[in-house]
Amino acid sequence: MKLKTTVGYYFRDNRRAIAIYYAVILALYILAGVEYRIAEAKSLNITIGGFDFATTIFVFVLGLNAFRSPFGVFMQNGVSRKTCFTGFFILAGMTAVGMSAVDAVLAAAARLFMPYRPLIEQLYGDYGVLIALKGFVWMTAVNLFSVSLGYLITVLYYKMEKPVKILVSAGLPVLLLIVLPIVDAQWTGGRISRALGWLFEFVLGMKYGGLFFSALCFVCLAGLAAMFSWLGSRKAAVKQ
């Protein structure tokens with residue numbers, strides 16, 4: 001019963017944000033359609049696409065906001081950490097599947113009125129019924145990983161003391177955006193960037209396996225994020 005209540009709490013906590021998100025996305029589709037008609041009247045060729053990637057960013061933000069406040073509420077009401085964790089990831093799976101399905105329907109509808117290219121087509125080429133179904137599976141896996149990663153980050157930040165949070169928040173961007181490129185250019189001859197490029201292509205299935213292999217990679221990454229989230233949250237203390 002507590003698990004069902006926990007899932008329901010997460011759903012009620014996020015449904016308004018999801019509704020607002022899709023209202024914005026629908027408005028963007030309409031604006032894109034109007035822009036296409038204007039361009040068509042002027043004999044201009046334009047391509048529109050990538051709105052489905054906005055969902056990946058959105059669910060990442062959902063994950064970032066899914067621990068601190070709900071955790072305090074659940075602890076005050078006698079809900080165990082395991083139930084809290086399990087409830088979130090049940091909701092995360094439902095959200096990944098549901099939003100990926102809505103995005104697939106919106107993309108199919110948009111293609112009836114304008115040359116819309118979903119993310120899956122931009123990455124893997126031709127678009128049709130089969131690739132659209134594969135794309136739904138792939139986007140579900142990507143979105144599941146994204147929300148899991150957001151949750152892991154917020155759990156880790158919750159466990160950190162304030163000085164460590166400041167150090168990580170300031171130091172990590174500097175390390176990735178400034179120090180790493182300098183080291184790669186000056187001392188490794190570009191081997192770091194080539195290795196990261198190879199890893200990126202591997203996870204996307206461009207080296208081996210294609211779409212389904214990529215989906216499996218993202219599911220495994222989501223599983224790792226969930227495992228480390230549990231390790232970080234199972235003994236977490238309630239903070240004011």
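1. V97 and its surroundings. V97 touches F136 and T140, not counting residues up to four places away in sequence. V97 lies in helix α4. Is V97 buried or exposed, or in between? V97 is partly exposed, because its relative accessible area is 40%, and the class in between runs from 20% to 50%. The C-alpha atom of V97 is 32 Å from that of V168, with the two positions 71 residues apart along the chain.

2. Status of the model and overall layout. This is a predicted model. The chain holds 9 helices and 2 strands. Read from the N terminus, the order of elements is α-β-α-α-α-β-α-α-α-α-α. The C-alpha trace spans about 60 × 55 × 35 Å along its principal axes. Of the 240 residues in the chain, 38% are buried. Contacts reach far along the sequence: among those between residues at least 6 apart, 78% join residues at least 24 apart.

3. Helix α1. This helix covers residues 2-41, which is 40 residues. Why does a span of 58 Å agree with that count? At 1.5 Å a residue, 58 Å is what the helix should span, and its end C-alpha atoms are 58 Å apart, so the two agree. There is nevertheless a bend of about 35° in α1, at N14. After α1 comes S43, with a positive phi near 60°.

4. T6, a residue of α1. T6 is found in helix α1. T6 counts as buried because its relative accessible area is 1%, and the cut-off is under 20%. Which residues does T6 contact, once neighbours within four places in sequence are left aside? They are F74, V79, T83, C84 and G87. T83, C84 and G87 fall within α4, whose range is 81-110.

5. Helix α2. With 14 residues, α2 reaches 21 Å from its first C-alpha to its last. That is close to the 20 Å expected at 1.5 Å a residue. The buried residues in α2 are F51, D52, T55, T56, F58, V59, L62 and G63. D52 comes up again below, at L119 and at the cavity.

6. L119 in helix α5. The place of L119 is in helix α5. Its relative accessible area is 16%, so L119 is buried. Leaving aside neighbours within four places in sequence, L119 is in contact with D52, F53, W138 and M139. L119 and M139 are 20 residues apart in sequence, and their C-alpha atoms are 9.0 Å apart in space.

7. The enclosed cavity. How many cavities of 30 Å³ or more does a search of the whole structure find? The search finds 1. The largest cavity has a volume of about 100 Å³. Its lining has 12 residues, and D52, A104, G135, F136 and M139 lie nearest its centre. The elements that give two or more residues to this lining are α4 (81-110) and α6 (129-159). By type, the lining residues divide into 8 nonpolar, 2 polar and 2 charged. Two names link this point to earlier ones: F136 is touched by V97, and M139 is in contact with L119.

8. The largest pocket. This pocket holds about 390 Å³ of space. It is lined by 17 residues, and F145, F200, V203, L204 and F218 are the closest to its centre. Which elements give two or more residues to the lining of this pocket? They are α2 (51-64), α5 (119-124), α6, α8 (191-203) and α9 (210-233). The lining divides into 15 nonpolar and 2 polar residues, with no charged ones. The cavity lining, by comparison, includes 2 charged residues.

9. A222 in helix α9. A222 is found in helix α9. A222 is buried, because its relative accessible area is 5%. Beyond neighbours within four places in sequence, A222 is in contact with L144, F145 and S148. F145 is also among the residues closest to the centre of the largest pocket. A222 and V7 stand 215 residues apart in sequence, with 19 Å between their C-alpha atoms.

Notes. Residues are numbered from 1 along each chain as its sequence is written. This is a predicted model: local features need pLDDT of at least 70, side-chain atom pairs count only at pLDDT 80 or more; totals for chains, interfaces and linings use all residues. Side-chain values use heavy atoms; hydrogens and water are left out. On a 1 Å grid over the protein atoms alone, a cavity is a set of points where a 1.4 Å probe fits but cannot get out, and a pocket is an open set with protein on both sides within 12 Å along at least five of seven lines; lining residues have an atom within 4 Å of a point. Grid points are joined across faces, edges and corners, and a volume is the space filled by probe spheres set on the points. Helices (H or I, at least four residues) and strands (E, at least two) are DSSP runs, numbered from the N terminus. Ala, Val, Leu, Ile, Met, Phe, Trp, Tyr, Cys and Pro count as nonpolar, Asp, Glu, Lys and Arg as charged, and the others, Gly among them, as polar. The expected span of a helix is 1.5 Å times one less than its number of residues. The bend at a residue is the angle between axes fitted to the seven residues ending there and the seven starting there. Buried means under 20% relative accessible area, exposed over 50%, partly exposed in between (1.4 Å probe, protein chains only). Contact means heavy atoms within 4.5 Å.
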